[in-house]
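Visitor: I have a model open and I am new to it. Could you walk me through it?

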Amino acid sequence: MHLVTANYQATIAYGYQLGQLLQPQDLILLDGDLGAGKTTLTQGIAQGLGIKRPIKSPTFTLIREYQSGRIPLYHMDMYRLENSSADELGLSEYFNGDGAVVIEWSQFIKDVLPTSYLRIVLKQQQPDSRELNFQALGCRYQQLLQQFEQAIADK
């Protein structure tokens with residue numbers, strides 16, 4: 001699936017639609033260059049989960065936990081692990097936990113990722129426009145992507 005957003009609000013809106021569909025143990029991978037809109041999309045996902053707190057990039061903390069929504073959101077940024085290891089982060093506890101996991105810069109931990117997930121690659125087109133390319137691996141994520149397509153078609 002391929003989408004193009006016209007502005008910041010549209011990126012938030014797509015994230016919101018996706019967030020409303022997420023279930024515990026869902027894994028969303030967000031990849032793209034700096035400034036591509038990964039954290040913006042995550043802000044929309046958090047809104048869709050009913051999280052009211054501001055969502056910030058976890059670049060320096062690696063993992064931010066948001067417990068106040070319909071289900072918890074575990075927002076991770078693996079950029080700083082480009083030359084390190086994720087072995088000591090206990091990621092499997094998050095993957096098998098009670099919330100949804102959103103990982104930015106997942107390519108830096110590809111060897112510890114589960115085999116099923118929804119990957120979204122974001123590219124900046126214009127100052128405000130973004131291209132989103134979706135790849136669903138596994139039955140759950142193929143179903144999630146179909147539900148997402150239906151939700152945005154109904155909007």
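Guide: What follows is a short walk through the sheet, the helices packed on it and one residue in an edge strand.

Guide: This is a predicted model, in which local features need pLDDT of at least 70 and side-chain atom pairs count only at pLDDT 80 or more, while totals for chains, interfaces and linings use all residues. Residues are numbered from 1 along each chain as its sequence is written, and side-chain values use heavy atoms, with hydrogens and water left out.

Visitor: Okay, in what order do the strands of the sheet run?

Guide: The open sheet has 7 strands in the order S1-S7-S6-S2-S5-S4-S3, with mixed pairing. Strands here are DSSP runs of E with at least two residues, helices are runs of H or I with at least four, and both are numbered from the N terminus; two strands pair if DSSP finds at least two bridges between them.

Visitor: And which are the edge strands?

Guide: They are S1 and S3 (63-66), each of which pairs on one side only. On average, neighbouring strands of this sheet are turned by 20 degrees against each other, direction ignored.

Visitor: What about S2, which strands does it pair with in the parallel sense?

Guide: S2 pairs in the parallel sense with S5 over 4 bridges, and also with S6 over 4 bridges. Leu29 stands opposite Ile103 in S5, Leu30 has Glu104 in S5 as its bridge partner, and Ile28 is partnered by Leu118 in S6.

Visitor: How many residues of S2 are buried?

Guide: In S2, 5 of its 5 residues are buried, where buried means under 20% relative accessible area, exposed over 50% and partly exposed in between, with a 1.4 Å probe and protein chains only. Leu27, Leu29 and Asp31 point one way, whereas Ile28 and Leu30 point the other way.

Visitor: Does S1 look like that too, or what do its side chains do?

Guide: Along S1 the side chains alternate, with Leu3 and Thr5 on one face and buried, while His2 and Val4 point to the other face and are not buried. S1 pairs with S7 in the antiparallel sense over 4 bridges, and Leu3 stands opposite Leu132 there.

Visitor: Why does Thr5 count as buried?

Guide: Thr5 counts as buried because its relative accessibility is 1%. The side chains of Thr5 and Thr11 are joined by a polar contact of 3.0 Å, that is, a pair of N or O atoms within 3.5 Å, where within protein one must be able to donate a hydrogen and the other to accept it, and residues adjacent in sequence count only if both atoms are side-chain atoms.

Visitor: Switching to helices, which strands does H2 touch?

Guide: H2 packs on the sheet, touching S2, S4, S5, S6 and S7, with contact meaning heavy atoms within 4.5 Å. In H2 (residues 38-48), 10 of its 11 residues are buried.

Visitor: And at what angle do H1 and H4 pack?

Guide: H1 and H4 (residues 139-154) pack at about 130 degrees, with their axes 10 Å apart. Axes are lines fitted to C-alpha atoms, for helices over the stretch in contact, and angles run from 0 to 180 degrees between N-to-C directions. That makes H1 oblique to H4, since angles under 35 degrees count as roughly parallel, over 145 as roughly antiparallel, 65 to 115 as roughly perpendicular and the rest as oblique.

Visitor: Which residues meet there?

Guide: Tyr14, Gln17, Leu18 and Leu21 in H1 meet Arg140, Leu144, Gln147, Phe148, Ala151 and Ile152 in H4.
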